[in-house]
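User: I would like a close look at a single part of this structure, explained formally and at the level of a first-year student. Please begin with that part and then relate it to comparable parts elsewhere.

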Amino acid sequence: MDAEIFYVLVGAVVVAAIARWRGWPAPLLVTVVALAASFLPFVPDVEIDGHLLLNLVLPPLLYSAALDVSFVGFKRSLPQIRRLGVSLVLLTALAVGFVAWWILPSLTLPGALLLGAIVAPPDAVSAAAIGRKLGLPRRIMTVLSGESLINDATSLTLYRVFAAILAGATLTVWDGIWQFLLAVGVGVAVGLMFGAVLHQLRMRINDAVVIGTFGLLAPFGAYAIAEHLLGSGVLAVVAMGLFVGYNSPRTDYTTRQQEKPLWLSADLLLESFVFAYIGLQFPRVLRDLGGEEVGRILLLSGAVLLVVLVVRPLYVYPTNAWANFQDRRRLARWDRAVESGAFDDRRRESKRWREYDPEEMRSKIVRDRMAGLQLTWKDNAIISWAGMRGVVTLATALAAADLATLGTEPSHAIVVVAFIVTVGTLLLQGLTLPVLIRGLGIASDVDEQDDERALEAVKAKSREAGKKYLAEKRAEWEATHGHVDLEMFDAFTRRMTRVERDTDEAQEVEDAVQRRPSFDDLAALSRGWLQVRREILLEERDAGNLDEEVMRELLAAMDAEELALDTRGATRQQGRA
């Protein structure tokens with residue numbers, strides 16, 4: 001079995017590498033190739049326990065995805081994310097459950113609802129890959145990524161509830177709600193605890209290799225402990241990833257540079273294996289279809305596939321319209337309060353309200369509470385069609401097949417339905433989503449324009465802060481290095497601030513460098529300049545003026561500058577040795 005898994009891993013990575021080279025969606029190509037390979041007699045029949053698959057694959061994938069999600073964007077889009085990741089999962093599970101019970105009564109209602117919980121959560125890995133390749137706007141990518149981070153928690157909580165009912169437990173609706181609240185509370189608490197500890201380690205340990213190793217282990221620990229305490233391991237990993245990712249700019253640059261390629265490689269390896277594993281399950285599905293109710297199971301599979309395709313848009317459009325209506329009413333009430341003087345009365349009565357400006361408050365409401373208005377009908381069309389299922393659906397189906405209380409025929413039906421829904425949505429939606437994106441003409445041009453404006457603004461603030469820092473340092477430099485001509489300091493700082501210079505000025509800098517008191521002094525000056533610019537980036541990010549993705553691009557450039565400083569310093573020390 002170990003050799004078989006190794007061969008699957010190697011083959012999946014090779015196919016994914018070809019897909020990336022050709023610019024194709026890697027998840028789809030890996031799935032299709034694995035499906036075709038499953039017919040070959042020499043291809044191994046890979047069988048892995050569903051619980052093992054969830055415990056080993058899900059934590060690192062979720063953690064890596066959470067690291068890259070903009071926390072500011074996640075917070076602003078939380079209303080849409082919550083509707084898709086919680087309410088839509090619950091609605092899909094109920095709709096699928098009742099349809100499945102009607103078509104195949106032998107499932108029983110709890111078993112049918114268990115099937116609904118299994119197929120309810122979409123996997124945004126392939127949708128995100130397609131979206132990034134085709135330049136989907138950031139507002140859509142944030143919603144899809146955020147949904148994928150929390151919908152698994154809802155689905156797995158429902159799975160546990162219905163599995164307990166199948167085992168004979170008597171649970172009321174309130175018991176189910178309590179289990180969900182317990183899963184959320186414990187999961188988030190464990191995740192934040194792990195995130196805080198990992199962040200402190202990242203701040204205090206300068207060994208990027210050690211920190212990277214802790215980062216690889218932490219998702220498994222958070223997931224396992226949260227599940228042991230009856231919490232959501234998914235939410236624990238997500239909360240930890242969001243916390244660490246948000247505070248990552250405050251850590252040493254070597255940690256960030258080591259972490260990025262490490263997680264990119266882990267994502268490629270795990271995602272390739274997951275989608276190859278999905279495709280290779282076809283022989284098992286054929287075996288499970290060997291019962292007496294083949295026709296009815298295939299009918300059930302088609303019906304469930306149709307339900308998951310239809311329920312999503314039927315939910316997305318009305319709920320988004322209702323949310324927009326409520327936001328407009330909220331904003332209208334605010335405007336009426338300002339016009340009638342009620343806002344001024346509140347400011348006179350409350351010391352806290354005296355600090356608020358009406359226009360600033362209105363802008364905050366628009367920015368923080370009306371994120372739903374940013375989504376057009378075209379945006380919602382993409383979100384509605386980006387419902388491909390993935391590893392969680394198949395892994396939980398395989399875990400459900402081991403439930404002794406379910407029965408042989410129902411367990412086979414669940415595995416077959418989960419496989420057909422997963423592969424069906426991957427191929428049907430995955431292959432047509434690029435066509436839909438191009439047909440609707442959705443692109444990230446507006447994001448690029450907004451990014452350019454934000455970049456210009458943050459660069460201007462950075463320059464001003466840098467000039468202030470250098471002016472302070474100039475006085476210290478004169479006091480410390482009075483014997484050194486200040487022209488050297490001015491020439492060096494002009495190079496740091498990237499003032500345009502001709503050949504004579506370049507020679508002036510070179511001559512100044514030859515007269516410098518020490519390389520360490522100039523390196524410290526450069527690091528201080530970089531630190532000032534980093535602080536401006538964080539301030540603008542926290543204020544909501546700069547998107548986190550843009551901030552990370554600028555931060556990566558600054559990290560490269562500091563790496564160049566350290567590399568040059570190490571080279572000089574080796575030269576002296």
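Analyst: In α19, a kink of about 35 degrees lies at Leu 433, shortly before the proline Pro 434. The model examined here is a predicted one. Helix α19 covers residues 408-440 and has 33 residues. From its first C-alpha to its last, α19 reaches 46 Å, which is close to the 48 Å expected at 1.5 Å a residue. Just after α19 comes Gly 441, which takes a positive phi of about 70 degrees.

Two other helices can be examined in the same manner. Helix α8 comprises the 29 residues 138-166, and its end C-alpha atoms are 42 Å apart. At 1.5 Å a residue the span of α8 should be 42 Å, so the expected and the computed values agree. Helix α8 nevertheless has a bend of about 30 degrees, placed at Ile 150. Just after α8, Gly 168 takes a positive phi of about 110 degrees.

The surroundings of α8 also deserve attention. Of its 29 residues, 24 are buried, and therefore α8 is largely enclosed by the rest of the structure. Arg 138 is a residue of helix α8. The relative accessible area of Arg 138 is 15%; because buried means under 20%, Arg 138 is classed as buried. Arg 138 and Gly 73 are 65 residues apart in sequence, while their C-alpha atoms are 8.9 Å apart in space.

Helix α5 is the next case. Its 26 residues should span 38 Å at 1.5 Å a residue, and its end C-alpha atoms are 36 Å apart, which agrees. The bend in α5 is about 35 degrees and is located at Leu 88.

Helix α5 leads to the internal spaces of the model. A search of the whole structure finds 3 cavities of 30 Å³ or more. The largest cavity holds about 70 Å³ of space. Its lining consists of Gln 80, Arg 83, Leu 84, Val 143, Tyr 315, Val 316, Thr 319, Asn 320, Leu 375, Asn 380 and Ile 383. Two or more lining residues come from each of α5 (78-103), α14 (294-340) and α17 (377-385). The greatest contribution is that of α14, with 4 residues. By class, the lining of the largest cavity has 6 nonpolar, 4 polar and 1 charged residues.

The second largest cavity contains about 60 Å³ of space. It is lined by Tyr 63, Leu 198, Arg 202, Ile 211, Gly 212, Gly 215, Thr 255, Glu 259 and Trp 263. At least two of the lining residues are supplied by each of α9 (173-204), α10 (208-228) and α12 (253-280). Its lining divides into 4 nonpolar, 3 polar and 2 charged residues.

Helix α10 also borders a loop of interest. Ser 232 is placed in the loop between α10 and α11 (233-247). With a relative accessibility of 4%, Ser 232 counts as buried. A polar atom of the side chain of Ser 232 lies 3.1 Å from the backbone nitrogen of Leu 235. Because a polar contact requires a pair of N or O atoms within 3.5 Å, this distance of 3.1 Å falls within the cut-off.

To return to the starting point, the kink of about 35 degrees in α19 is at Leu 433, and the bend of about 35 degrees in α5 is at Leu 88. In α8, a bend of about 30 degrees is found at Ile 150.

Note on methods:
Residues are numbered from 1 along each chain as its sequence is written. This is a predicted model: local features need pLDDT of at least 70, side-chain atom pairs count only at pLDDT 80 or more; totals for chains, interfaces and linings use all residues. Side-chain values use heavy atoms; hydrogens and water are left out. The expected span of a helix is 1.5 Å times one less than its number of residues. The bend at a residue is the angle between axes fitted to the seven residues ending there and the seven starting there. Buried means under 20% relative accessible area, exposed over 50%, partly exposed in between (1.4 Å probe, protein chains only). On a 1 Å grid over the protein atoms alone, a cavity is a set of points where a 1.4 Å probe fits but cannot get out, and a pocket is an open set with protein on both sides within 12 Å along at least five of seven lines; lining residues have an atom within 4 Å of a point. Grid points are joined across faces, edges and corners, and a volume is the space filled by probe spheres set on the points. Ala, Val, Leu, Ile, Met, Phe, Trp, Tyr, Cys and Pro count as nonpolar, Asp, Glu, Lys and Arg as charged, and the others, Gly among them, as polar. A polar contact is a pair of N or O atoms within 3.5 Å; within protein, one must be able to donate a hydrogen and the other to accept it, and residues adjacent in sequence count only if both atoms are side-chain atoms.
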